[in-house]
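Colleague: I'm new to this one, so could you walk me through it? I'll ask, you answer.

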Amino acid sequence: MSGRQSEYIHRAFPQASSLIEGLRPLHATLEEMCADFERLSSDLKSAESGAKQMSNGLREDYLSSIHDLKKEILEWLAEARVGTSQAGMKNE
């Protein structure tokens, strides 16, 4: 992963980017979601800068996919936090 790609994660998740980057190598699902998010974000940025051509329909598909991946990453993090906090609870 390049610094350019992790920049997309930092922008999209400013409060959680360090946590995400730390967990990525440990969880294949999170790594895959983040890699897809970065790839789509990079492709979209290239298209918007004129480096690549992209139809409006394709652009909307990219935006929708990026939005969905962001939501999935946030949900994954929320579940991971719940799982961590439950694992640390003692039976009373």
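Colleague: Let's jump right in. Not counting residues up to four places away in sequence, which residues does S17 touch?

Modeller: Keep in mind that this is a predicted model. S17 is found in helix α2, which covers residues 17-23. Its relative accessible area is 8%, so S17 counts as buried. Setting aside residues up to four places away in sequence, the ones S17 touches are I9 and H10.

Colleague: Okay, let me step back a bit. In what order do the elements of the protein chain run from the N terminus on?

Modeller: The secondary structure of the protein chain comes to four helices and zero strands. With zero strands, there are just helices to put in order. From the N terminus on, the order is α-α-α-α.

Colleague: And how much of the protein chain counts as buried?

Modeller: Let me start from the outside: the protein chain exposes about 6,300 Å². Carbon and sulfur atoms supply 50% of that exposed area. As for residues, the protein chain has 92 of them, and the share that counts as buried is 27%.

Colleague: Which residues have the most contacts inside the largest nonpolar core?

Modeller: In soluble globular proteins, nonpolar side chains tend to be buried together. Here the largest nonpolar core has 19 residues. The elements that give two or more residues to this core are α1, α2, α3 and α4. Inside the core, the residues with the most contacts are F13, I20, L30, F37, I73 and L77.

Colleague: Let's take one of those. Leaving aside neighbours within four places in sequence, which residues is F13 in contact with?

Modeller: F13 is one of the residues with the most contacts inside the largest nonpolar core. I20, F37 and I73 are also among those residues, and F13 is in contact with them. Adding K70 and L74, the list for F13, without neighbours within four places, reads I20, F37, K70, I73 and L74.

Colleague: Now for the largest pocket. Which element supplies the largest share of its lining?

Modeller: The largest pocket has a volume of about 180 Å³. Helices α1 (3-12), α3 (28-48) and α4 (56-87) each supply at least two residues of its lining. The largest share, five residues, comes from α3.

Colleague: How do the residues of that lining divide into nonpolar, polar and charged?

Modeller: The lining is made up of Y8, R11, A12, F37, S41, L44, K45, E48, L63, I66 and H67. Sorted by type, the lining of the largest pocket divides into six nonpolar, two polar and three charged.

Colleague: Is Y8 buried or exposed?

Modeller: Y8 is found in helix α1 and helps line the largest pocket. Not counting residues up to four places away in sequence, Y8 touches F37, E38, S41, S42 and K45. Its relative accessibility is 9%, and the cut-off is under 20%, so Y8 counts as buried.

Colleague: L44 is in that lining too. How far apart in space are L44 and L63, C-alpha to C-alpha?

Modeller: L44 is found in helix α3, and its relative accessible area of 7% makes it buried. Leaving aside neighbours within four places in sequence, L44 is in contact with M54, R59, Y62, L63 and I66. L44 and L63 are 19 residues apart in sequence, yet C-alpha to C-alpha they are 8.1 Å apart.

Colleague: And where does Y62 fit in? How far is Y62 from L40 in space, C-alpha to C-alpha?

Modeller: Y62 is found in helix α4 and, at 16% relative accessibility, counts as buried. Its contacts, leaving aside neighbours within four places in sequence, are L40, D43, L44 and M54. Y62 and L40 are 22 residues apart in sequence, and their C-alpha to C-alpha distance is 6.5 Å.

Colleague: Last one. Not counting residues up to four places away in sequence, which residues does A47 touch?

Modeller: A47 is found in helix α3, and its relative accessible area of 16% makes it buried. D43 is in helix α3 as well, and D43 touches K52, M54 and Y62, not counting residues up to four places away in sequence. For A47, counted that way, the residues are K52 and M54.

Technical notes: Residues numbered from 1 in each chain as written. Predicted model: local features only at pLDDT ≥ 70, side-chain atom pairs only at ≥ 80, totals over all residues. Heavy atoms only, no water. 1 Å grid on protein atoms, 1.4 Å probe; cavity = no way out; pocket = protein on both sides within 12 Å on 5 of 7 lines; lining within 4 Å. Points joined across faces, edges and corners; volume = space filled by probe spheres on them. Nonpolar A, V, L, I, M, F, W, Y, C, P; charged D, E, K, R; others polar. Buried < 20%, exposed > 50% of the residue type's maximum accessible area, 1.4 Å probe, protein only. Contact = heavy atoms within 4.5 Å. Areas by Shrake-Rupley, 256 points an atom, 1.4 Å probe, with all protein chains shown as cover. Core = buried A, V, L, I, M, F, W, Y, C linked by side-chain atoms within 4.5 Å.
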